Amino acid sequence: MEAPGTSTNSSALSSSVSIDRLFPALLECFGIILCGYIARRANIITSTQAKGLGSFVSKFALPALLFKKMVLLDFSNVIWPFLWSIIVAKVCVFSIVCVLTLIVASPDSRFSKAGLYAIFTTQSNDFALGYNIVEALYQSTYPEYLQYIYLVAPVSLILLNPIGFAFCEIQKWKNQGNRQQSKLRIIGTVVLQVLKNPIVFMVFIGIIGHFVLHGSVPAIIAEFVDGLADAFTGAALFYLGVSMAGQLGKLTRATVVTLILLTTAKLLLMPLICKDMVDLLDNSNTSSLNHSSLSNYAFLYGVFPTAPSAAIYADYYNAELGVITSGMVITTCLSAPLMYVSAWLLTMHWMDPQLLMDSLQNVRFNISIVSLFALVWTIGVMFLSKKFKRLPHLFTVNLFLAQLLTCIGMILWNFVVKEDNFVGQVLTFTLLCTSLYSTYVWPGLIALSLVLVKRFEDLKVSPGMFIIAGWGFPASVTAILLISGEKMSDTTDSFFYGKQQIIYTIVVVALSIVLGGVALVCLSRGSWAQNDQIQEGNSADDLVTEVEPEGQSLFEPVLSGSINRGQCENRCESPDCLLVRVEGLQQAADKQVARHLLLCLLLTVSLLANLSSCLWLIFNRVPGKLYLELQFFCAVTNYGQGFLSFALFGLDKHLIILPFKKRLYSLWCRKKQEEQPQTDLPEDTRMTCTQFTKYHKDQCCRDIVKMRRCGKGTMEDCFLGSELVEWLQQVGLAQDHGEAVLYGTRLQQGGVLQHIKQEYDFQDSHLYYQFMI
């Protein structure tokens, strides 16, 4: 936090950025983007027309703009250490993403993912969006900052993108069975592709023209170049909006985790590394004011969203198009508030540090109260559903308890810190610090438990050892801090013991990140999702022994001349249906692996923010105003974890959602039967049912329908919802999972199939359904 004595310097810093034109610039940029989005959604601009607009932007307008700016560049005002800092930052992020992707991704697409993901995180939308923001902020104070956009951007085009293209070409070569292309030809293809790019070509021509033409565009071609260059901004922003339309609809469960990681790398890792590199490498700058301004400018530059050209590359190589386009939409939407808040903090006049700390404390206190209620609900759900008795939910409940105690500790701290009660402050700090450190440790332990269960089908370690580690390690660190630490006179900050507590926090957070990161990498390298589906698919057979009467089998072969048994027709009439009991046991055995993975991943991302905050405070004598943004973010992630826990586990599918949907479905069906005859079905539903019944039902019955025992002396011809979803995709009636579920829903609405007890709508799950007779 800034010291009171830095008011003059802070005031000077605030004058280095002009926010008056920022909001109009953001409104201009995102307004044009919105127009393009609406035009595409309303089909005013077709996909073919959009491609034409993209070609004009990338092959005519942008090359002309780059040529003009390269010729007019004033190299005498360039601060080269700053330029090298941004280049090194981009190379670092590119390398980190590339290496991690090569480690984690599956071999069949490893290299193409590494190349495209690395390009995604390093190629910013510098010209269409970034330049307008920088112009609005620095035109009146540091106009020379604008030319860095044209110096830094070609680095990605000339240096980094070719490496990404090389990885994509290697993947194409590996996917070819005969592998006709040699390695030399791959290199030649990449080099040729780079040189054929009009953007790269015009950068070289512009640099040569700068020295040949003595820094000015000849009058004979000036109007022509200006005409193309001036058309770039509006057309590029409009094209960005057009290209964003409909992309989020391509999201799948498998891409969510990837998008979280890529967005974190682009909007959190990139700006922090850019700022750190400038602080580290730009030591020759004699003016502390200019150095701080460049450091803040580097942070803002890192927040710029991904350029649409990344989607063009993905489309060209026919790889990861859904991930890249969806990520482009997400980073563009998130970058607007990030840029505005960052710029607002930089232009904010100096404030009393005590007032700032009080505001930060109020945020922690308020969010802790709301998060407390969410956690009480979530823990209640875990106990009512009895999931706390099995793994990994046992460890998840411990995490929720740690989050709950953290909220309680922060609420108590809000009152104790204002009183002159040292004992009360120490006791409250002990509760707060121990529980907060425990929330840092548990995500890594939960991920480790998933790895052990995956590898050995058993934890191989007593759960008590995990619980001891999850609570004992944080308690030990807190005890050491209390014994050896020296209490700060200013107790308003959460760092009650100053720099020593910051160092301890760095150690705990770093160890947790390493543990969680390695565990998540191990989980990603294996075919966990496939194995999980196989295990769930076989679980019906395994659970039969728990529900079937002695000497009876749940599955019966359908043989001619078999013993005549009663058969349920349109609804299972058995009072104690074995199939329903199997459904219940399968629901109870659900480990919710995907939810645990997502929880661990998001909490690990929040740990990165906490680590950055601590390191920022350690290496910067005057943290600056951007540090406030990071502090507020850490306050939300530390004390608002209850919202995430509630979203993932508070609305339990089997305890809350399915019973609610069951009740709603029964009421809806009763109302439909009373008010709407079968002939009033929507046309698409009626056509789907007619087509399926006439052409596909018989084959489907032969493929997936089995006769299963549902009670003593009663049988049921039925199938699993997941079996029908898979069959519809195999025979081509549905292109993907979403279409298959929609197809099954239409069949249920049309009366072709129903749940065996008429209690649930159609779902891709291990619920039993039957075709109507």
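Start by selecting Asp226 in this predicted model. Asp226 is partly exposed, with a relative accessible area of 22%. Now add Lys68 to your selection: the two residues form a salt bridge, and their closest N and O atoms are 3.1 Å apart. This pair connects distant parts of the chain, since Asp226 sits in helix α10 (residues 219–230) and Lys68 in helix α3 (residues 47–72), 158 residues apart. Lys68 has a relative accessible area of 17%, and because the cut-off for buried is under 20%, Lys68 counts as buried. Why can such side chains pair at all? Side chains of opposite charge can do so when their charged atoms come close.

**Along helix α10**

Stay here and select the whole of α10. The helix has twelve residues and reaches 16 Å from its first C-alpha to its last, close to the 16 Å expected at 1.5 Å a residue. Which residues of α10 are buried? Colour Ala222, Val225, Leu228 and Ala229, and you have them. These residues cover an arc of only 140 degrees around the axis, so they lie on the same side of α10. Next, show α3 and α11 (232–244), because you will want to see what the buried residues of α10 pack against: those two helices. Then turn to the face of α10 that points away from its buried side, where you will meet the exposed residues Ile220, Glu223, Phe224 and Asp230.

**A salt bridge inside one helix**

Your next selection is Asp279 with Lys275, whose side chains meet in a salt bridge (3.1 Å, N to O). Both belong to helix α12 (residues 253–281), and because they are four residues apart there, about one helical turn separates them. It helps to recall that an α-helix has 3.6 residues a turn, so residues three or four places apart point the same way. Compare the two partners for exposure: Asp279 is partly exposed at 22% relative accessibility, while Lys275 is buried at 5%.

**A link between α29 and α27**

Move on to Arg746 and Asp684, which form another salt bridge, with the closest N and O atoms 3.3 Å apart. Here, too, the pair links distant parts of the chain: Arg746 is in helix α29 (residues 737–749) and Asp684 in helix α27 (residues 683–704), 62 residues apart. Arg746 is partly exposed at 23% relative accessibility, and Asp684 is partly exposed at 39%. How many salt bridges does the structure hold? There are four, and the pairs you have visited are among them.

**Thr434 in helix α18**

Now select Thr434, which you will find in helix α18 (residues 422–456). Is Thr434 buried or exposed? Its relative accessibility is 15%, so Thr434 counts as buried. Look at its side chain: a polar atom there lies 2.8 Å from the backbone oxygen of Thr430. To see the surroundings, add Phe429, Pro474, Ala475 and Thr478, which Thr434 touches when residues up to four places away in sequence are left out.

**Last stop: two cysteines**

Finish with Cys29 and Cys600. Cys29 is buried, with a relative accessible area of 0%. Cys600 is buried as well, at 2% relative accessibility. How many disulfides does the structure hold? The count is zero.

Notes. Residues numbered from 1 in each chain as written. Predicted model: local features only at pLDDT ≥ 70, side-chain atom pairs only at ≥ 80, totals over all residues. Heavy atoms only, no water. Buried < 20%, exposed > 50% of the residue type's maximum accessible area, 1.4 Å probe, protein only. Polar contact = N/O pair within 3.5 Å; in protein donor to acceptor, adjacent residues only side chain to side chain. Contact = heavy atoms within 4.5 Å. Disulfide = S-S within 2.5 Å. Expected span 1.5 Å × (residues − 1). Arc of directions from axis to C-beta.
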